[in-house]
Amino acid sequence: MTGLVYALIGAAISAGLGGIGSAMGVAIAGRAASGVISEKPELFGRVLILQALPGTQGIYGFLLAVLILVKVGLLGGTVVDVPVAQGMALMAAAIPNGIVGLFSGIYQGKMAASSIVLTAKRPSMSTRGLTMTAMVETYAILALLVSILMYMNA
Amino acid sequence: MIVPVKKIRLIAPNKDKDILVRSIQRSGKMMLFNELAGSISSDDQQHLKRIEKNIVILEKHRKKKFFEYHEVDIDQFNDSEQEAQNLLDTADALVVENEAATKEKEYATKQIELLTPYVNLSVAPADLIGLNYVRTYVGYWPTQNATVITDKLSTKSAYVETLLADDVNQYVAVIALSSNHQDVYDTMAANGFVLEKLPELTHLVADEVALLEEKISTAANTIETNDVKLKELSDSVNLLKMYYDYDYNKILKQKVEVLATEKTVYIEGWVAEDELEAFGAELSEMLAYDLEILESTEEEKVPTVTRNNRFVRQFETITNMFSVPDPNEIDPNPVMSVWYWFIFGIMMGDVGYGIVLITLFSLFVKFKRPKGALRQLAMIFAFSGVSAIIFGVIFGSFFGYSFDLFKIIGSLFGQTHWTSVVVNPMEGDGTLIMLVASLVIGVLHILNALVLKVILEFRRKNYVEALNSGISWILILLGISLYVLDMIDLIPLGIVGLIMIGIGAVLIIIFSGYGKKGIFSKAVSAFGGLYGASGYLSDILSYSRILALSLSSGVIAFTMNMLAGMVSGSIIGYFFAMIILIVGHFFNFAMGLLSAYVHDGRLQYLEFFGKFYEGDGLAFTPFTYDLKYIDKINKEKK
């Protein structure tokens, strides 16, 4: 059963850290957003999209966690016997996604907040802010990719 | 395709000044040289605000209609001023009356609230003021202090009349002798007495309350009858909307700076070359004028007009968000649009989501009729639905369920081995194949950008730049590709590849320092040029996001289906499964759409445009009707 436990710790790292990162990021962006709509309620739609951007890290974390749970048979199947080595490999696979998700979520939230302020001052620039905010996500995407490649071979 | 733009001067007799401006606005084909001068005067602004306010109020009285489309004929647009002004005055009078009545109602309600505890006062409040021997206080104190206060007051020969008492307060009228009234007041105040300032009525409080109540009911009646009238008027709210647009555009027209000589007026501006004839013809219907074509000077920024087919035109909004193309470079839209469409499809990569994209956004465009950039974006999403379906078939995914189109078709013809699923990114080697495919797409995308760079530099006769930053990198990228293909035993041309890489590197080393003096600075430039390779590496790796986004929407769709599958089984289970499916897929669709839109854009802006596109052009914004409420003005005469 030790292998299974390692795999589950991996799932926890992935969903947990990614989720924390996104929650903090979305909250940071949300604080800026609610400040903006108190003055300019008509910008709600644009600001909401920017606020949603740091939410993806949590989704990536959730995604990998589900993949791990499927692999060990906890979701949609019967629990398989996981060798210790495979369990540890699955845990290792979760680390890039979890840690990068945590930090990139927070930093993307900060970036989103400043794009929200940009939108408040010049609403026509909101898509440029959107693109700049998406830059931060690049590294979360790369980490997810590495995690999935590791997961595939685990 | 970028169309040349001509600088022109229109000359007309003095008396035709207004007609000239009106005709230009009506044609909507000329961009004025001078921007509209000054701001809108406060009188005009107030008039606009008044119209707007009445529109809002009339809208409230009307049944809400989704999807309203408002189209008017130009004659109707220009000739309805008087009628609309009358409507505005009528509506405004009713609204003003209503506002006054509401205010009166509110005031009366407040007064009644104040007076109600004192209705039992048997003297008119005015009669209590200025008496010789006694002083009267009207107010209330806390009920719990009542006995204490009355005891104390009885020793000071003050008379207390209780008007009303509830659990909290006791409302009283206190009569004290003039000689010690201050003492009486202080005693009461120390125990929580609050003096009430009653209005100086010459009649009883009870009568005043009755009067106020009558006022309230009159006001309510007024509001009710006015509301009925407003409701009748609300049917013609479109007239007011048209009036707003008409009035605003009339103001804009007055802001146009028209230059004048003794007998003529003239306006300068830009017109696209291919529209020049139509523009002239349209103008000659309205007035006699003279059109001169001017030479534009070097330092003048010429606006850019792009003409593309219906598909490519929509994607111009993506480019313009980055920067408007300069007239002297290649219009990136025809090429970029295809790439954007293609990559968007891979990122969504689901037949179901593709169908939703097409239906949702075509319905949105058809019924809501958005204008400008929003319309273009909706059209882009609708078009990209097609590529999403194509890649959905290739990946074998329908709302996350596995789906094999050709197998279904094949089973109709008795063929069991047909399949349309080329690669499933979520299974086995599929992920790796898709990763490689994403990077290959990246290489092709970047090569395409470099080819455009070479064409652009050749057109400008910068052959050195074309060799240095275009052809060299094309050789290197192709060389590396050939070498890799050799390594995996596909095409045995590795040696050719190596030679190409070598030539590319040599080109960079030779031409990077072109024009630089001294061997040292040439060497530094050459090194810097070669160092660009790291940039190309990260650019190509950046395309791995195509796989990641495609995978993430695929896995989440799959997860939702699995969760729904786990709860279904009983009737209640199926109900919950439906909710999970609808909410889950909606969420995944929305997030997938946002990610694809943003990240596809990023690939175009950084990786693609970064290689050749300069932008920094001036958008062609012709002087035309600026409409807020009306969707379209029909210019054709019936």
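**Close-up 1. Lys632(B), a partly exposed residue.** At 40% relative accessibility, Lys632(B) counts as partly exposed, a class lying between buried, under 20% relative accessible area, and exposed, over 50% (1.4 Å probe, protein chains only). Lys632(B) sits in strand β16 of chain B, residues 632-634; strands (E, at least two residues) and helices (H or I, at least four) are DSSP runs numbered from the N terminus. Lys632(B) also joins Arg310(B), Arg313(B), Lys366(B), Arg369(B) and Arg375(B) in a positive surface patch. Patch residues have over 30% relative accessible area and no salt bridge, with like charges joined within 9 Å; a salt bridge would put a side-chain nitrogen of Lys or Arg within 4 Å of a carboxyl oxygen of Asp or Glu.

A note on the model: it is predicted, so local features need pLDDT of at least 70 and side-chain atom pairs pLDDT 80 or more, while totals for chains, interfaces and linings use all residues. Residues are numbered from 1 along each chain, chains are lettered from A and ligands numbered from 1 as written, and side-chain values use heavy atoms, without hydrogens and water.

**Close-up 2. An aromatic pair in helix α20 of chain B.** Phe609(B) and Phe612(B) are 3 residues apart, about one turn of this helix (residues 571-612), and both are buried. Their ring centres lie 6.3 Å apart with planes at 85°, so the pair is edge-to-face. Rings of Phe, Tyr and Trp (its six-membered ring) pair with centres within 6.5 Å; planes under 30 degrees apart are stacked, over 60 edge-to-face, the rest tilted.

**Close-up 3. Val80(A) in a loop of chain A.** Val80(A) lies between α3 (56-71) and α4 (84-121). The C-alpha atoms of Val80(A) and Met1(A) are separated by 9.6 Å.

Methods:
Patches are made of residues with over 30% relative accessible area and no salt bridge: like charges are joined within 9 Å, nonpolar side chains (Val, Leu, Ile, Met, Phe, Trp, Tyr) within 5 Å. Accessible areas come from the Shrake-Rupley method with a 1.4 Å probe; for residues, only the protein chains shown count as cover. Lys and Arg count as positive and Asp and Glu as negative; His and the chain ends are not counted. The place of a charge is taken as NZ of Lys, CZ of Arg, CG of Asp or CD of Glu.
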